[in-house]
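Colleague: Could you take a close look at one part of this model for me, the main pocket and what surrounds it? I would like the cut-offs spelled out as you go.

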Amino acid sequence: MVIDYDGRRFRKPHGDARTVAVYHQQGDLVWGEVAGGAVRRGWTAGTCGPDGTLSMGYTLVFATGEVVCGRTVNTPEVAEDGRLRLREVWERYGPHAATGISYIEEVR
């Protein structure tokens, strides 16, 4: 599946509707900015594979002042309504290190 992420907006399905990530793409390079709600500012950058899978690093600055960094591999799925849904397998570094799986969905 060939996916162009440029200009697509994503958020957690049951998260704060004010927190939105906007993605950009040039070739296989993909990056994004996230802000709103508990997230003061965040960035992600990485590469897009031929199947649309994203391998990225991220940094988030929360309203509390906490800074979180990590990496994620996002696998695209297409929802019944045609929107993209990304399955995120993530790893957080530092004093609050953790791993997990979460989802973000395209906002139209």
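Modeller: Happy to, and let me start with one residue, Ser102, which is buried, with a relative accessible area of 15%; buried means under 20%, exposed over 50% and partly exposed in between, using a 1.4 Å probe and protein chains only. A word on the basis: this is a predicted model, where local features need pLDDT of at least 70, side-chain atom pairs count only at pLDDT 80 or more, and totals for chains, interfaces and linings use all residues. Residues are numbered from 1 along each chain as its sequence is written, and side-chain values use heavy atoms, with hydrogens and water left out.

Ser102 sits in strand S8; strands here are DSSP runs of E with at least two residues, numbered from the N terminus. The Ser102 side chain makes a polar contact with the side chain of Trp90 at 3.4 Å (a pair of N or O atoms within 3.5 Å, one able to donate a hydrogen and the other to accept it; residues adjacent in sequence count only if both atoms are side-chain atoms). Beyond neighbours within four places in sequence, Ser102 is in contact with Lys12, Leu86, Arg87, Glu88 and Trp90, where contact means heavy atoms within 4.5 Å.

Now the pocket. The largest pocket is lined by 28 residues, with Lys12, Val34, Leu60, Glu88 and Ile104 nearest its centre. Strands S1 to S8 each give two or more residues to this lining. A pocket is an open set of points on a 1 Å grid over the protein atoms alone, where a 1.4 Å probe fits, with protein on both sides within 12 Å along at least five of seven lines; lining residues have an atom within 4 Å of a point. The lining has 13 nonpolar, nine polar and six charged residues, with Asp, Glu, Lys and Arg counted as charged, Ala, Val, Leu, Ile, Met, Phe, Trp, Tyr, Cys and Pro as nonpolar, and the others, Gly among them, as polar.

Two of those strands, S2 and S3, pair antiparallel over seven bridges; pairing requires at least two DSSP bridges. His24 stands opposite Trp31 in S3, and Gly27, in the turn of this hairpin, has a positive phi of about 60°. S3 is also joined to S4 by seven antiparallel bridges, with Leu29 partnered by Thr47 in S4.

Back in S8, Glu106 is buried too, with a relative accessible area of 8%. Glu106 is in contact with Arg8, Arg9, Phe10, Arg83 and Leu84, leaving aside neighbours within four places in sequence.

Notes: Helix = DSSP H or I, 4+ residues; strand = E, 2+ residues; numbered from the N terminus.
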